[in-house]
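Hi,

Here is the structure I promised to pass on. Have a look at it first, and my notes on what turned up follow underneath.

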Amino acid sequence: MGRGRIEVLRIENNVNRQVTFSKRKTGLLKKAYELSVLCDVELGLIIFSGRGKLFHFSTASSLLNIIEQYRRCSHNNNPTESWDSSNNETQNNYLEFLRLKTRIDFLQRSQRNLLGEDLQSLNIKELDQLENQIEVSLSHIRSTKSQVITNEISDLKCKENKLQEFNTTLRKKLQEIVADDFLHSSMQEGDNSNIKSGRSEFHPLECDPSVQIGSNPSVDLLSGEMAFMAEDVDEFVRQWM
């Protein structure tokens with residue numbers, strides 16, 4: 001007996017529907033690849049899941065090339081159809097929209113996968129690739145972090161050495177200033193003490209008030225006073241020298 005006809009209806013159970021979609025999607029992509037190889041045809045396949053996830057297959061280097069080829073063939077098959085500039089611009093915008101949407105969907109899917117979301121549709125190979133990608137990213141992050149820490153430590157050491165040199169220079173200048181002030185103070189104290197000692201040892205001459213100018217004292221008295229005066233002058237000169 002042959003197989004009976006299976007009624008095609010929407011699967012209500014979410015898990016069963018996702019499993020069926022994954023299996024049939026894989027089979028459809030496989031059949032498309034086999035058809036392109038066996039019959040040497042250009043083929044493009046676009047699938048959007050119920051969540052808006054994009055799956056596509058193309059034999060050309062880019063799916064846009066097949067879409068552009070389809071647009072040219074459609075235009076050639078309808079020579080009476082006039083394509084004005086507005087239609088061309090609309091078509092170009094639509095192609096750009098498809099390209100950007102495909103790119104955005106891919107980036108969003110990759111981001112969710114990196115965050116550990118929507119991993120049910122990935123097979124073992126894709127999960128291994130995702131794991132390796134995360135490990136490589138972590139390795140780069142740790143390496144960059146270590147390099148940043150090393151650079152900061154080097155900068156701090158340079159600043160520390162500069163501060164030490166500045167402190168050493170400042171300490172030397174302060175020592176020189178203190179030494180100069182001490183030497184200047186010592187010299188002033190020595191000069192003041194010499195002046196005071198010279199003034200204390202100087203004895204002015206004593207004059208006899210009874211002696212009048214123009215008088216005629218004895219020679220012995222005049223000789224004694226001159227000798228005493230000479231001794232005082234010599235002592236004063238020695239103190240100052």
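Let's start at the strands: Ile47 stands opposite Phe55 in β2, and Phe48 has Leu54 of β2 across from it. The two strands, β1 and β2, run antiparallel and pair over five bridges. Together they make a hairpin with five residues between them, and in that turn Gly52 takes a positive phi of about 85°. Do keep in mind that this is a predicted model.

The faces of β1 are worth a look too. In that strand (residues 44-48), Leu45 and Ile47 make up the covered face, while Gly44, Ile46 and Phe48 are on the uncovered one. As for β2, that strand is mostly covered, with four of its five residues buried. Ser58 lies in β2. With a relative accessible area of 19%, Ser58 falls under the 20% cut-off, so it counts as buried. Leaving aside residues up to four places away in sequence, Ser58 touches Leu43, Gly44, Leu63 and Ile66.

Next, the aromatics. The structure holds three aromatic pairs. In one of them, the ring centres of Tyr33 and Phe57 are 6.4 Å apart and the planes sit at 80°, so this pair is edge-to-face. Because Tyr33 belongs to helix α1 (residues 14-39) and Phe57 to strand β2 (residues 54-58), the pair ties together parts that are 24 residues apart in sequence. Phe57 itself is buried, at 18% relative accessible area.

Ser36 brings us back to both of those residues. You'll find Ser36 in helix α1, and with a relative accessible area of 9% it is buried. Its side chain reaches the backbone oxygen of Tyr33 at 2.6 Å. Not counting residues up to four places away in sequence, Ser36 touches Val41, Phe57 and Thr59. So if you display Tyr33, Ser36 and Phe57 together, you can see the ring pair, the 2.6 Å approach of Ser36 to Tyr33 and the contact of Ser36 with Phe57 in one view.

Which residue has a positive phi although it is not a glycine? That would be Asp40, at about 55°. Asp40 is in the loop between α1 and β1, and with a relative accessible area of 69% it is exposed.

Further along the chain, Arg99 has its place in helix α3 (residues 85-114). Is Arg99 buried, exposed or partly exposed? At 40% relative accessibility, Arg99 counts as partly exposed. Arg99 and Leu63 are 36 residues apart in sequence, and their C-alpha atoms are 9.0 Å apart in space. Leu63 is also one of the residues that Ser58 touches.

Now the overall picture. The protein has five helices and two strands, and along the sequence they follow the pattern α-β-β-α-α-α-α. Of its 241 residues, buried ones make up 10%. Among contacts with a separation of 6 or more, 35% are between residues 24 or more positions apart. The exposed area comes to about 20,900 Å², and carbon and sulfur atoms supply 56% of it.

Finally, how confident is the predictor in all this? The average pLDDT for the protein is 76, and 71% of the residues score at least 70. Confidence is highest in α1, at 88, and lowest in helix α5 (residues 219-240), at a mean of 52. Over residues 211-219 the pLDDT is below 50, and that stretch has zero contacts in the model beyond near neighbours in sequence. For what it's worth, Ser36 is in α1, and so is Tyr33, the helix where confidence is highest.

Those are my notes. Shout if you'd like to go through any of them together.

Cheers

Technical notes: Residues numbered from 1 in each chain as written. Heavy atoms only, no water. Phe/Tyr/Trp six-rings, centres within 6.5 Å; stacked < 30°, edge-to-face > 60°. Buried < 20%, exposed > 50% of the residue type's maximum accessible area, 1.4 Å probe, protein only. pLDDT = per-residue confidence, 0-100. Contact = heavy atoms within 4.5 Å. Polar contact = N/O pair within 3.5 Å; in protein donor to acceptor, adjacent residues only side chain to side chain. Areas by Shrake-Rupley, 256 points an atom, 1.4 Å probe, with all protein chains shown as cover. Pairing = 2+ DSSP bridges.
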